[in-house]
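Colleague: Could you take one part of this model and go through it slowly with me? I would like a close look at the surroundings of a bound ligand, and then at the elements that go with it.

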Amino acid sequence: MDLLDEIMLLHKGGKLETTLKNPIRTKEDLSKVYTPGVAEVCQAIAQDQAQAYELTTKKNTVAVISDGTAVLGLGDIGPRAAMPVMEGKAALFKQFANVDAVPICLDTKGTEEIIAIVKALAPTFGGINLEDISSPRCFEIEKRLRNELDIPVFHDDQHGTAIVVLAGLLNALKVCGKNIKDVKIVVNGIGAAGISVSKMLLHAGAVNLIGVDREGALNRQVPYSRTHWSEYARMTNPNLEAGQLSDVIKGADVFIGVSAPDVLKLDDVLNMAKDPIVFAMANPMPEIDPAIAAPHVRVMATGRSDYPNQINNVLCFPGIFRGALDCEATDINDEMKLAAAKAISSVIDPADLHETYIIPDAFDPRVVERIRVAVAEAAFNSGAARKNLLIGANS
Ligand SMILES: NC(=O)C1=CN([C@@H]2O[C@H](COP(=O)(O)OP(=O)(O)OC[C@H]3O[C@@H](n4cnc5c(N)ncnc54)[C@H](O)[C@@H]3O)[C@@H](O)[C@H]2O)C=CC1
Ligand SMILES: CC(=O)C(=O)O
Ligand SMILES: [Mg+2]
């Protein structure tokens, strides 16, 4: 069987199923889990809504919601075609963090309709993981849902990606003996991931950061019809560099690609500063083939599992939701995101840091546990936790 056949077979009938915690074998069992017994449980929740966390799957369940408009780097392939990715995210939630996740693909691209649907679904869930919703609609959708719901709403492509990039970059810079304040960083693809990654790096001390999209480097002297680009240009490119990727990449210490396949050329890499760092993160095909770039860079990373240094939000979303669910968080705020980034980079002992080991493996069990504890603590300290995980008491 070749690899493609194997992959198709793994997806036959989907990747998930529902299992029962307790078997239903007798009439007596039936009368307890279903009517009439269940009515008592419903009444308890009706009288005290917080009991939903104790008596339903809400406590441990996240919705993975997409409209299929920015699926990996495949673009707007629609809700049915997006489903294998959302099932995959749900499988990873369960595998790595024992979070039960329900994949939901919506047949609408309407911002207001998506907001209304997610709000209506929210009572079932302890958190909402938005996935592969294209920019700029994803910004408004997430902002409104965060404001209007009392459970965490997290757009994975924005924040999960940014958290893992920051974790990986801090370690890669250590390997190269460089400081985030001094380096020139080029981010290619100023969409959901690119904007969030840039904001997080600026927050962590980056200064000379330049964003590039299809039309070239974003520059505050250019009027953009897309307001998110105008806002972005105001925060970045302090030296007002202009031109295409091949122009602004000159002398850059760091390239971060969250855009499209094969847009970074070997000549671009050769024009970067000494000891360059390249994170080519477009999925499934990166901005440059690692086989081409790796011999010429100090640190090479991709979003894929089949190369060293996998910079992928899979390192973040299971742990961040594990922590958020365990403390019954109302939000995933900036403090929790920064705590998650630091927790990921801390998994690697500085003595073990190496060009091909700047980020822990997704299978490293320390990743989820460190994120969980750090995030729950940050949630408690910033007022976003209903429970203090460390002492198990209500806040
Ligand atoms: N490794 C990881 O963990 C993650 C990787 N990604 C990858 O990043 C890419 C973008 O994802 P999103 O930000 O969610 O999508 P998005 O649709 O919100 O943004 C993509 C941006 O890239 C720009 N772009 C497309 N082709 C370009 C080119 N040739 N040159 C410069 N810019 C170009 C688009 O104009 C858009 O602004 C995808 O390939 C996705 O797989 C996204 C999230 C996580
Ligand atoms: C990894 C991921 O979420 C993406 O490529 O969209
Ligand atoms: Mg995604």
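Modeller: Let us begin with the kinds of residue that form the shell around ligand 1, which divide into 12 nonpolar, 13 polar and 3 charged. Please keep in mind throughout that this is a predicted model. Of the 28 residues around ligand 1, those that come nearest are Gly73, Gly189, Gly191, Ala282 and Gly303.

Turning to the elements behind this shell, α8, α9 (residues 192–203) and β6 (residues 208–213) each supply at least two residues to the surroundings of ligand 1, and it is α9 that gives the most, with 3 residues.

Helix α8 deserves a slower look. It covers residues 156–176, and at 1.5 Å a residue its 21 residues should span 30 Å, which agrees with the 29 Å that separate its end C-alpha atoms. Of these 21 residues, 18 are buried, so α8 is largely enclosed by the rest of the structure. As general background, an α-helix has 3.6 residues a turn, so residues three or four places apart point the same way. After α8 comes Gly177, whose phi is positive, near 65°.

Ligand 2 has its own list of neighbours, namely Leu72, Asp132, Asp156, Asp157, Asn283, Gly303, Asn312 and Asn313. Sorted by class, this shell has 1 nonpolar, 4 polar and 3 charged residues. You may notice that Gly303, one of the residues that come nearest to ligand 1, is also listed around ligand 2.

For a wider frame, the UniProt record, an unreviewed entry, places the feature "domain: Malic enzyme NAD-binding" at residues 158–380. Over residues 158–380 the chain is 41% helix and 11% strand, and the end C-alpha atoms of this stretch are 23 Å apart.

Finally, consider strand β1, which covers residues 61–66 and is mostly covered, with 5 of its 6 residues buried. Strand β1 is joined by 6 bridges to strand β2 (residues 100–105), and the two run parallel; within this pairing, Val64 has Pro103 of β2 as its bridge partner. Together with helix α5 (residues 79–97), these two strands make a right-handed β-α-β unit. Strand β1 also pairs in the parallel sense with strand β3 (residues 127–130), over 4 bridges, and here the bridge partner of Val62 is Gly127 in β3.

Definitions and conventions:
Residues numbered from 1 in each chain as written. Chains lettered and ligands numbered in written order. Predicted model: local features only at pLDDT ≥ 70, side-chain atom pairs only at ≥ 80, totals over all residues. Expected span 1.5 Å × (residues − 1). Buried ≥ 20, exposed ≤ 12 C-beta atoms within 10 Å, placed from the backbone. Near = placed C-beta within 6 Å. Nonpolar A, V, L, I, M, F, W, Y, C, P; charged D, E, K, R; others polar. UniProt positions renumbered as here; feature names shortened; annotations may be inferred. Pairing = 2+ DSSP bridges. Right-handed = clockwise from strand over helix to strand, strands pointing away.
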